[in-house]
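Hello,

Please find the structure below. My notes on it follow, and you can check them against the sequence as you read.

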Amino acid sequence: MGSLVHTPRRLAVLVAAVLFAVAACGGTTSSSSGTSFKGTRNIGLDIAITGQSALYGHAISQAVKLAASDLNASGGVAGYKMQADVLDDGTDVNKAVENTRQLILQDNAAVLIGQVTSAQCQATSPISKQNKIIMMAATCNSYQLTTEPDLVNPYYVSVVPNTFMEGTSAGKLVGNLQSVKNIFIVSPNYLFGRSETNAFVAQLKKSAPDDKIVNPQSTWYVPYPTNPRWDSTIAAIQASNPKPDLIYSNIFAADQENFIKQALAVDPNFFQKYPMTTLSSVDDLNALQSTYPLGMHLYMRAPFFSLTNSKLTTFINHYRSAYNGEYPSDWAIMDYDAVMTWAKAANAAGTLTGDKVLKQLVGKTFSSLRGYNFTIRKEDQQANVGETVGTTSGASGTKYPFPTLAPVTNLKGDDIIMPVDLVKELQAGQCEQGGKPTTTDFALCPSWKG
Amino acid sequence: MTSLLRLSRDARVRWTLSGLLILFALLVPPLAGLYELSNPDASARFYIFLGTEALVLALWAVSYNLMLGYAGMVSFAHAAYYGVGAYTVALLFQDYHVPVLLGLVAAPVVAAVFGLVTGLVALRAVRLYFSLLTLAISQLLYSLAFNAYGFTGGDNGIHGIEIPDALTDYTTMYYFVGAVVGICLLLMFLLTRAPFGAALLAIRENRERARSIGINVRAYELAVFTIASLFAGVAGGLFAIYQQQAFPEMMYWTANAQPVVVALLGGIGAFLGPAFGAFVYTELSNLISKDFPNQFDVLLGAIVLGVVLAVPGGLASLPNLFGALRSRFRHEPEAAVVESGGESIARADLAKVVRIEAIQADPVAVDRGEPLLVIEGLSRSFGGLRAVQDVNLTVHAGDRHAIIGPNGAGKSTLFNLITGRLKPSSGRVTFAGRDITGRPPHVIARAGIGRAFQITMIFPRLTVLQNLQYAILAHRGYTVRPFGVADRMFRDEAMELLEAVGLDQYADLAAGQLSHGDQRAIELAISLALGSRLVLLDEPTAGMSAFETQKAMDLVRRVAQEKHLTLLFCEHDMEVVFGTARTVTVMHLGRVLTEGTPDEVRGNPDVQKVYLGQLEEAAV
Amino acid sequence: MDASQFLLFAVGGLANAAYLFIVAAGLSLVFGALRVINMAHGSLYMIAAFVCVVVANALGATLGFWGGLVVAVLVAGAVGALIEIFVLRRVYRQEHLVQLLGTYALTLIIAGLVRIIFGPNYRTMKAPDLFTGSVQLAGHSYALYSFFMIGAAIAIAAGVYLMLYRTALGRNIRAAVSDPDLLSASGINVARLFTIVFVIGAALAALGGVIVAPSQAVGLTMDTDILVLAFAISVIGGLGSIVGSVIGALIVGEVISFGLANSYTNQFALAFVFIIMAVVLVIRPWGLFGAAEQ
């Protein structure tokens, strides 16, 4: 292709040198064992350090690292020193699968922590099953992960309220609001969104059968990946007839921020006219800080300011001193719980082998940072963890840079967890649509209808 | 064996590298085992798994390179067919419990159907627009996979695909995948060596030229698009088997970055280049995400950028690079770029010209003096501009007919109308009794009209010999063949033609390296190879020195006489016109002004006025 | 749908079209004059948005937005100049694919650097007080900021148009768009012209990012979010044509807005955009207002 100019040639040598250097630097890092440890093993965390969910990945990896060092400070797990082995999947499903295999095959992870999105967990759960490595889910939470026949995985344990539990919480919350009769639904069109919305609608029918959804079902779901502009949805809400008393949504993170900002720009009193019920977290509150609207009825998984207990207070200070004064978000708390739960079970089993640790996990009770104990039931290996619901208010003043919830209720796990009959029917494929078994809508299951 | 020795140093290096790569690929499992023995923290299974990934990526990337490296097409839809292949296997298993191995047979078929149908749409546009159209198509297919929840499982993807017990062993899986990939690569390789591959190279080098040697460019592009998507489907099917799942992100347009980066890294000029790149990329990717998890994108971007800027030929061209580096350090002079100086024309030999008779395809069917090309009422407008208006022209067999006229008279447009590059607004063109009005260029070329272009149109990166060989292959319809070795066919005939125009000593040089005049000689040789009866020369001596001009026209006249060629040419050089032409037509502002012998035209006062008028305008 | 509802969706579509136009105009201009597809265009948009937010929050309420605007445009312009000089100049004569890959590599690098410098969190800033507030029209509320966006787009469109058709620079740019071969023969310093055009393109991307920053969360996915739509608009309107970018943006903005409104087309709004893009490429590849290549 003609002769090369000198400079690119030197550059080529440089590139080649970089390649060789990178290759040479590769190779496994050998673990240094302290005198009191049998060896070092990995906690495998494949999480979104980059990509759409980078915000959560950041908090989660910090929490897992903190958990590992705390465990080591108290003697390790079953005699082993634990190391947080963190890989980035960029919120990509394919990469999550690759990384999970690497964590298991190459890095010999003793336990895996679940990813952020349900799509990713769906893809990595089969790998954990195949290799008999326990997967502790603390973020991804679609109930299909534990009830879809193809996905049921004996090594999968969930310590996060699943979409059934969350949707049910929201349904109960809204059902209790006497002034609300008409509801507008906005949800992202992917597994998590559909799953949770279904649960909300099903619970709402039970709690408040006279309440109506004002927008047609085909407009409940916004195409995903979501457009950062919500003009159409905001316009649809304004144009709606009858006007809604409440907006139900489970849009989170950036979408939630965008929606709120844009709605407030259209009408500063938007959320007084149309209060919103949505999934939220400390991160979301922190994103908008004092501009986060008051009077919103939120459901949150583990907001530290509402779950006050001594264990949590200690943890908050511990976390803040380790990480530059950052408050631990819901994700950080749940993932820390996940690691600690597993560690306790492994210590009880005296070994890191998956099957043996599982016996100490399933059916057992554990304490948590959230101020209550939870049990991992055997039917779907879901912990009966609770969900916090409440209304945003400025009651706490300037204590935190964002509004907190008041009034607030910490719903008990047992009140919102999926009934065992339902679990069994879903797992057995007994809920049918058009003659074929489905898990999309549990309202089709015999025990729900009955 | 002798043919191997005759290969250039470049090709020898490539064969060696390819051999090494294949050897390495065969030995991955035992090598991984050895690595595990020597390094207790490592896991052989993991590296074998990575190897399987690399194999599938190699197949995918090589199939992409069929379009990219061989036909010059940049597609953003390739990931879609990969995804279709994976979904075929997955859905057949999930809904109909079809065993995955059978599904693997179906995958390429389904992918090829998708490729064919979408290719028909995509190829309505060319080059950049083609690329953008493939982007639109791929996004549509992705949204189909993502939104059609009931059919494809939507954003969930499909999981838990069961595989035969034998394949659960990592090593067995590796060799199974390797076998399938190997067979596919072999098939693709044979295709690229065959006349079909020659046609692809011609298209990549010079689309216009390919058309004018009789290749129906769009048909070949559609064929290679479909074939590439077929093999992408196999790669996708293999993915579904060894990963045991399929998901829509496989089809998102940015997923195309993978085979493209891999192909670029390895080198798109060599057949196994992308395969080499696949192995390098897989290992590199693994290393970076392990050691630098927080800087993955920056590092990957930096490496790709580095390769793009410094080594555009990819890693496969590194040996050349190192060779050049080495010679620079040793202060060896670089191999001089060979430039021919137009001696070919000086060496034209009558005797050699006579020998080409042997390869003429069609005997002259039209008697001398009879009308060969008849143009009636031909017109063409561009918006409000009437470039050619109601032109009537007859070229008689055996004649040497010149068209002259000032700039903007419509000469080039007229040529384009005759050769099919443009469609006329009205009028008729008849050649040897056949109506060729508005037919596509490759059809007209087949009919017997050859064109030497105003801008030299050869296949620059192919050798001079290949230029001729491929022209013959295309003309005789051999290029549809997917088997055989193109570079071995019609060598002797091509060499004879080259000798006739005096270029035989440059047979193995890249045609783009030759001097301007010699490139014209190549074009002339190609016209002869096509067995053209009527040769259109569009300003044949433009850009030539006086010496070259004289010799070129000598050659043209001689060849025309010996081969009973009819010449139609337009020229600005009046010496050439009056020295060569027997009939002269004068055009002005799109119309025919007058026609006659050179002397008649020279003495015509209207003609003088037109040219003088032009001179006056120029002076203003 | 009655008239007041129609107006709601129409204005929403216009607001969308506004910022999409500004970004697409830059992409289209760069392609028209330089014949380079700049995949890193979205990255420049993202850089500008981040810089604007950071500067605006630092400067406080009164100066915030405007200060952020100036700094963001300067930074993006500088980055654009660096890209043009050190990367693009090497790849002009190479095939489209090499250019694509080079600019794609840049998107990776820039995305990584933005994450390392600014962190993975989403950032927000307030709109300037001048444009905060809502307007009542025909019984519904409208954000004043939407009208600011529309106004800004009109102003920028006018500015670019004037630049192209009333200045010497603009004449040179148009010459580059319509007849690249002639350009080198005409005595213009082509290298410098290309750098200037690329910087203008970067500035337009930056303006898009700045205008959008007060109304949506600024995060790491902004670069890819906007790129495909910018491509679609440039294709539909015509690469190299400003009028085309306006029309293309209007089409895309309204198709999405009304598509999302209707319960039947809800899920397919974005797909419609791609179908239109495909149809244009098949029937009239150079776009509605582009110039057919010779």
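**Contacts within chain B and between chains B and C**

In this predicted model, 21 residues of domain 1 of chain B are in contact with 29 residues of domain 2 of chain B. Domain 1 covers residues 17-256 of chain B, and domain 2 covers 344-619. The C-alpha centres of these two domains of chain B are 44 Å apart.

Which elements give two or more residues to the side of domain 1 of chain B that touches domain 2 of chain B? They are three helices of chain B: H8 (170-193), H9 (195-205) and H10 (207-212). H9(B) supplies the largest share of that side, with 8 residues. Sorted by class, this side of domain 1 of chain B has 11 nonpolar, 5 polar and 5 charged residues.

The other contact is between two chains. Chain C puts in 30 residues and chain B puts in 31 residues. On the side of chain C that touches chain B, the elements giving two or more residues are helices H3 (64-91), H4 (96-118), H9 (222-237) and H11 (269-283) of chain C. Note that H9 of chain C and H9 of chain B share a label but belong to separate chains, so check the chain letter when you look them up.

Which helix gives the largest share of the side of chain C that touches chain B? That is H4(C), with 13 residues. By class, this side of chain C has 24 nonpolar, 5 polar and 1 charged residues.

Regards

Key
Residues are numbered from 1 along each chain as its sequence is written. Chains are lettered from A and ligands numbered from 1 in the order in which they are written. This is a predicted model: local features need pLDDT of at least 70, side-chain atom pairs count only at pLDDT 80 or more; totals for chains, interfaces and linings use all residues. Domain bounds come from an automatic or database domain assignment. Two residues are in contact if their C-beta atoms, placed from the backbone, lie within 7 Å. Helices (H or I, at least four residues) and strands (E, at least two) are DSSP runs, numbered from the N terminus. Ala, Val, Leu, Ile, Met, Phe, Trp, Tyr, Cys and Pro count as nonpolar, Asp, Glu, Lys and Arg as charged, and the others, Gly among them, as polar.
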